[in-house]
Amino acid sequence: QVQLVESGGGLVETGGSLRLSCAASGNIFSINAMGWFRQAPGKQRELVAVVTSGGSTNYADSVKGRFTLSRSNAKNTVSLQMNSLKPEDTAVYYCNAVVVLTTLAKYDYWGQGTQVTVSS
């Protein structure tokens, strides 16, 4: 019913930058919140950044000041600009969206994940 398509990611050296993008499509009435989570090997999935439909943005303490999340409500997209990357940012990054469908049912959707690797 809803697909999240991610792009970006890859390999970068410490201090470098990457940009992740995510586009939602399907039977979307509205998106309550959209953002990014990440999961490093052997660790639990954790919130990186999320933005609500009202524009309120929350960041993990570990990325504040380095990552910036932007959203286009009209296009149902979010982008995560990641600067000053550190080896500890290495993880699989997942796009997430809390979507209200055209049926008015609400569901939580995930992208397939994109690898970000920061070399030291």
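A disulfide is a pair of cysteine sulfur atoms within 2.5 Å. With that cut-off in hand, let us walk through this structure, which is a predicted model. The sulfur atoms of Cys22 and Cys95 lie 2.0 Å apart, so this pair qualifies as a disulfide. By this rule, the count of disulfides is one. The link joins distant parts of the chain, since Cys22 sits in strand E3 and Cys95 in strand E9, with their positions 73 residues apart. If you look along the S-S bond, the angle about it is -85 degrees, which makes the link left-handed. Are the two cysteines buried or exposed? Cys22 has a relative accessibility of 1% and therefore counts as buried, and Cys95, at 0%, counts as buried too.

Strand E3 is a good place to go next. An open sheet of four strands runs in the order E1-E3-E8-E7, and its pairing is antiparallel. Which strands stand at the edges? They are E1 (2-8) and E7 (67-72); each has a single partner strand, so one side of each is left without a neighbour in the sheet. From one strand to the next, the twist averages 15 degrees. As a reminder, the strands of a sheet pair through backbone hydrogen bonds, either parallel or antiparallel. Inside this sheet, E3 (residues 18-26) and E8 (residues 77-82) run antiparallel and are joined by six bridges. One residue to pick out on screen is Ser21, whose bridge partner in E8 is Ser79.

Now let us turn to the charged side chains. How many salt bridges does the structure hold? There are four. In one of them, Arg38 pairs with Glu46, and their closest N and O atoms are 2.7 Å apart. The two partners differ in their surroundings: Arg38 has 6% relative accessibility and so counts as buried, whereas Glu46 is partly exposed, with a relative accessible area of 36%.

Another salt bridge connects Asp89 and Arg66, where the closest N and O atoms are also 2.7 Å apart. Asp89 belongs to the loop between E8 and strand E9 (91-101), while Arg66 belongs to the loop between strand E6 (57-59) and E7, so the pair ties together parts that are 23 residues apart in sequence. Asp89 counts as buried because its relative accessibility is 1%, and Arg66 counts as buried at 10%. These residues also belong to a larger picture, in which Arg38, Glu46, Arg66 and Asp89 are linked in a network of salt bridges.

For a contrast, find Lys64 and Asp61. Their side chains meet in a salt bridge with an N to O distance of 3.1 Å. Here both Lys64 and Asp61 are exposed.

Our last stop is Ala49, a residue of strand E5 (residues 46-52). At 0% relative accessibility, Ala49 counts as buried. Which residues does Ala49 touch, leaving aside those up to four places away in sequence? The contacts are Gly35, Trp36, Asn58, Tyr59, Leu69 and Leu80. Asn32 offers a useful distance to check in your viewer: Asn32 and Ala49 are 17 residues apart along the chain, and their C-alpha atoms are separated by 14 Å.

Methods. Residues are numbered from 1 along each chain as its sequence is written. This is a predicted model: local features need pLDDT of at least 70, side-chain atom pairs count only at pLDDT 80 or more; totals for chains, interfaces and linings use all residues. Side-chain values use heavy atoms; hydrogens and water are left out. Two strands pair if DSSP finds at least two bridges between them. Helices (H or I, at least four residues) and strands (E, at least two) are DSSP runs, numbered from the N terminus. Axes are lines fitted to C-alpha atoms, for helices over the stretch in contact, and angles run from 0 to 180 degrees between N-to-C directions. Buried means under 20% relative accessible area, exposed over 50%, partly exposed in between (1.4 Å probe, protein chains only). Contact means heavy atoms within 4.5 Å.
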